[in-house]
Amino acid sequence: MLNIALPKGRLGEKVYDMLERAGYGCPSIKENTRKLIFENEECGVRYFWVKPSDVSIYVERGAADIGIAGKDILLEYSPDVYELLDLNIGKCRMAVAAKRDFYDDQRKTLKVATKFVNIAKAHYAASSRDIDIIKLNGSIEIAPILGLSDVIVDIVETGKTLKENDLEVIETIVPISARLISNKASFKFKTDEIERIVNSMRSEITKDD
Ligand code: PRP
């Protein structure tokens, strides 16, 4: 049995649809229940719905053999896992954004609000910019509006949240997409099962034009 951690929410549903098309469906998962674990013995898979930012924890510690996590989470937490496949879904970018009239005075320490502390630190360390990190857990866009920070480092997908709050991207840090990851020991002991699912998933990836 292959234990698979799926990210709860919109991305997870897309990922599950890919798995279903790849031949790893589990019909009971579509029932509207509050269950978190679903199994299809015939296909040899057991799915868990977990918080997207927790997928890599389950996989790193072996509670799940494989899982699907955003590249943002992998960059932020650097879990000790194998990254096997870019699924080319859940695409967005990690960016620096600020109020439209923001002027970056290089002589001052830059106040940066973010959920992604490590990504932000690494980004500014590369240009030796002095920063003060303000760790928030959500609704990051409010920080520059209220003067809590000068800029934010956050995920931008459609750009709608920024636009509706009069903010704009001033720099893109890195493109993001969903990745299939594997526990290292599982990859060694369940190689065939994991490679089979990876190959089936690979043929379901929609390429960009
Ligand atoms: C993410 C991100 C932005 C928004 C970007 O928020 O932090 O707020 O999505 O999407 P857009 O460019 O399409 O508007 P999420 O929904 O994960 O909530 P939270 O960060 O506030 O918890």
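This report describes two sheets and the helices that pack on them.

The model is predicted, so local features need pLDDT of at least 70 and side-chain atom pairs count only at pLDDT 80 or more, while totals for chains, interfaces and linings use all residues. Residues are numbered from 1 along each chain as its sequence is written, and side-chain values use heavy atoms, with hydrogens and water left out.

Helices (H or I, at least four residues) and strands (E, at least two) are DSSP runs, numbered from the N terminus. Two strands pair if DSSP finds at least two bridges between them.

| Sheet order | Strands | Pairing |
|---|---|---|
| β8-β7-β9-β6-β10 | 5 strands | mixed |
| β2-β3-β1-β4-β11-β5 | 6 strands | mixed |

The sheet of 5 strands is open. Its edges are β8 (131-135) and β10 (167-176); each has a single partner strand, so one side of each lacks a neighbour in the sheet. Strand β6 (residues 92-99) runs antiparallel to β10, joined by 8 bridges, and arginine 93 stands opposite proline 175 in β10. Helix α4 (residues 117-125) packs on this sheet, touching β6, β7, β8, β9 and β10; contact means heavy atoms within 4.5 Å.

The sheet of 6 strands is also open. Here β2 (37-40) and β5 (82-86) stand at the edges, each with a single partner strand, so one side of each is left without a neighbour in the sheet. Strands β1 (residues 2-7) and β4 (residues 66-70) pair in the parallel sense over 2 bridges, and glycine 67 in β4 is the bridge partner of alanine 5.

Methods
Axes are lines fitted to C-alpha atoms, for helices over the stretch in contact, and angles run from 0 to 180 degrees between N-to-C directions.
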